[in-house]
Amino acid sequence: MIIKVKKRDKMEFPVTRMRRLRKNQNIRTILTETKLNPEDFIYPLFIKEGLVDGQKEHINTMPGQYRYSLNDAVEEGSKLEEIGLSSVILFGMPLIKDEKGSMAYNKDGIVQQAVRKFKEETDLVVITDVCMCQYTSHGHCGIIREDEILNDETLNYLSKIALSHAEAGADIVAPSDMMDGRVASIRKTLDLNGYYDTIIMSYSAKYASSFYAPFRDAVCSTPCFGDRKTYQMSTSNSQEAIRETKMDIEEGADIVMVKPAMPCLDIIKLVKDEFKMPTAAYQVSGEYAMLRASIDAGYLTSDSIYESLLSIKRAGADLIITHFAPEFLEGCI
Ligand code: PBG
Ligand code: ZN
C-alpha cells in the first residue's frame, strides 16, 4: 500500500525529529560541519625597538598580550610553532617617528630585522602589516598636508614599505592602510624588483571600527588629529565592501581580508560568497579585550572564545588573525 504523503508534511514532526541528530556527543561529533584547525590561525606579534630581551611589556588594554623585543618575539614564535602555529603577522614599534614614517621602510627597521630572524630561525609563514601609522609622528596611515591624508602621495611610501619587507624575506605583505590603488602600486613595485612570488593579503574591507582602540594603545598609533573615517569604511555599509574587495582583487590581491571579524560576520559571508577568494578575517584587539575581560571577570567561560572563532570560520573565513591562537593551540579552549 502506498501512503500518499502531502508535500508539506514531509519535513514535519513527528516524522522528522531534529533532536535525533543531537542525541549524544558521538552523533554530534560525526555531524560537525565546521571545525577549527591549528593552521587556521595567524598570531599577531608586537615587536618594540629598543626593548631589552627578557623584559616583555604587558599591554594593559589586552590582558595576556605583550610587546616583545626582537629576540623575545622570535623565541615566542618558535615556542608556538612547536605546538602547531603556522603563521605570524608582525607589527613594529620604532624608536623614532617622523612625518613620513621613514623607519617603516628602512632596511634595518625593527620589522625588517624581525622578518630576517624569523625566516632564519623558524619555518613560520611570515606576514607583515604594511602601514605607516606606527611610524608617523601624526599617527595617520599616510602622508598628510594640512590635516588632509593624501592618497596618491602615500602609495609610493606603502610600496617602499612592502618592498623592504619582501627584501627581508616576508612571505606575505598585508597592506592595512585603505588608500585607493595601493594593491596595484605594491604589486607593480614587487614585480619590478623580482618579487613576483611575494603574496599580497590586502585588508580589503577594513572598517573604521571602535574595536581597534586597544591596538592603538598597544602600539601608540592613535592619530593626533581627526580620525580614520576618510580612509577606513563606514560601519553602516556592506555594498561598499564588495566594491573595495573587487578592486583589490583586480589590482592583484591574492588573499582578501575583512576586519573586524565578529562585528562583520555578514561581510565575511558576503565577500566569500561573492568572490570565492582565500579570505581572512581579523579578530581585532577590541574583540580580544572584550572576551578576555569577561572571562577574567567570570561573566563568561572560555568556551566563548571557541564559539567566537567558530562563528568567524562558519561565516566563510579560511584564515583568522587572532590573539587567542596560543590558547587554541595549548588546548585551553
Ligand atoms: C593599522 C592597523 C590597525 C590594526 C591593524 N593594523 C588599526 C588601525 O586602523 O588603527 C587593528 C588591529 C587590532 O585592533 O587588533 N593600520
Ligand atoms: Zn595604519
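Buried means under 20% relative accessible area, exposed means over 50%, and partly exposed lies in between. Keep these cut-offs at hand for the exercises below, which all deal with a predicted model.

**Exercise 1. Classify arginine 20 and place it in the structure.**

Step 1: The relative accessible area of arginine 20 is 44%. Step 2: This value lies between the two cut-offs, so arginine 20 is partly exposed. Step 3: Along the chain, arginine 20 belongs to the segment before α1 (25-30). Step 4: On the surface, Arg20 joins Arg17, Arg19, Arg22 and Lys23 in a patch of positive charge.

**Exercise 2. Describe the nonpolar surface patch that includes Ile30.**

Step 1: The patch is made by Leu21, Ile30 and Leu31, and covers about 320 Å². Step 2: Isoleucine 30 sits in helix α1. Step 3: With a relative accessible area of 70%, isoleucine 30 passes the 50% cut-off and therefore counts as exposed.

**Exercise 3. Work out what the salt bridge between arginine 182 and aspartate 248 ties together.**

Step 1: Start with a general idea. Side chains of opposite charge can pair when their charged atoms come close. Step 2: For arginine 182 and aspartate 248, the closest N and O atoms are 3.1 Å apart. Step 3: Arginine 182 is in helix α5 (residues 182-192) and aspartate 248 in helix α7 (residues 239-251), so the pair ties together parts that are 66 residues apart in sequence. Step 4: Check the surroundings too: arginine 182 is buried at 1% relative accessibility, and aspartate 248 is buried at 3%.

**Exercise 4. Do the same for lysine 272 and aspartate 318.**

Step 1: These side chains meet in a salt bridge of 2.9 Å, N to O. Step 2: Lysine 272 belongs to helix α8 (residues 265-275), while aspartate 318 is in the loop between α10 (303-315) and β12 (319-321), so the bridge ties together parts 46 residues apart in sequence. Step 3: Aspartate 318 has a relative accessible area of 33%, which makes it partly exposed.

**Exercise 5. Examine the salt bridge of lysine 107, and then find a network.**

Step 1: Lysine 107 pairs with aspartate 108, with 3.5 Å between the closest N and O atoms. Step 2: Lysine 107 is exposed at 56%, whereas aspartate 108 is partly exposed at 39%. Step 3: For a network of salt bridges, look at Lys48, Glu57 and Arg67, which are linked in one. Step 4: The structure holds 18 salt bridges.

**Exercise 6. Find backbone features at proline 14, proline 260, glutamate 146 and cysteine 220.**

Step 1: The peptide bond from phenylalanine 13 to proline 14 is cis, with omega near 10°; proline 14 lies in the segment before α1. Step 2: The bond from lysine 259 to proline 260 is also cis, with omega near -5°, and proline 260 is in the loop between β10 (255-259) and α8. Step 3: Glutamate 146 has a positive phi, near 45°, and is found in the loop between β6 (143-145) and β7 (148-150). Step 4: Cysteine 220 has a phi near 55°, also positive, in the loop between α6 (213-219) and α7.

**Exercise 7. Judge how compact the protein is.**

Step 1: Its secondary structure comes to 11 helices and 12 strands. Step 2: The radius of gyration is 22 Å, close to the 20 Å that the globule rule gives for 333 residues, so the protein is as compact as a globular protein of that length. Step 3: Of the 333 residues, 52% count as buried.

Conventions: Residues numbered from 1 in each chain as written. Chains lettered and ligands numbered in written order. Predicted model: local features only at pLDDT ≥ 70, side-chain atom pairs only at ≥ 80, totals over all residues. Heavy atoms only, no water. Patch = residues over 30% accessible without salt bridge, like charges linked within 9 Å, V, L, I, M, F, W, Y side chains within 5 Å. Areas by Shrake-Rupley, 256 points an atom, 1.4 Å probe, with all protein chains shown as cover. Salt bridge = Lys/Arg side-chain N within 4 Å of Asp/Glu carboxyl O. Lys, Arg positive; Asp, Glu negative; His and termini not counted. Charge placed at Lys NZ, Arg CZ, Asp CG, Glu CD. Helix = DSSP H or I, 4+ residues; strand = E, 2+ residues; numbered from the N terminus. Buried < 20%, exposed > 50% of the residue type's maximum accessible area, 1.4 Å probe, protein only. Rg over C-alpha atoms; globule rule 2.2 N^0.38 Å.
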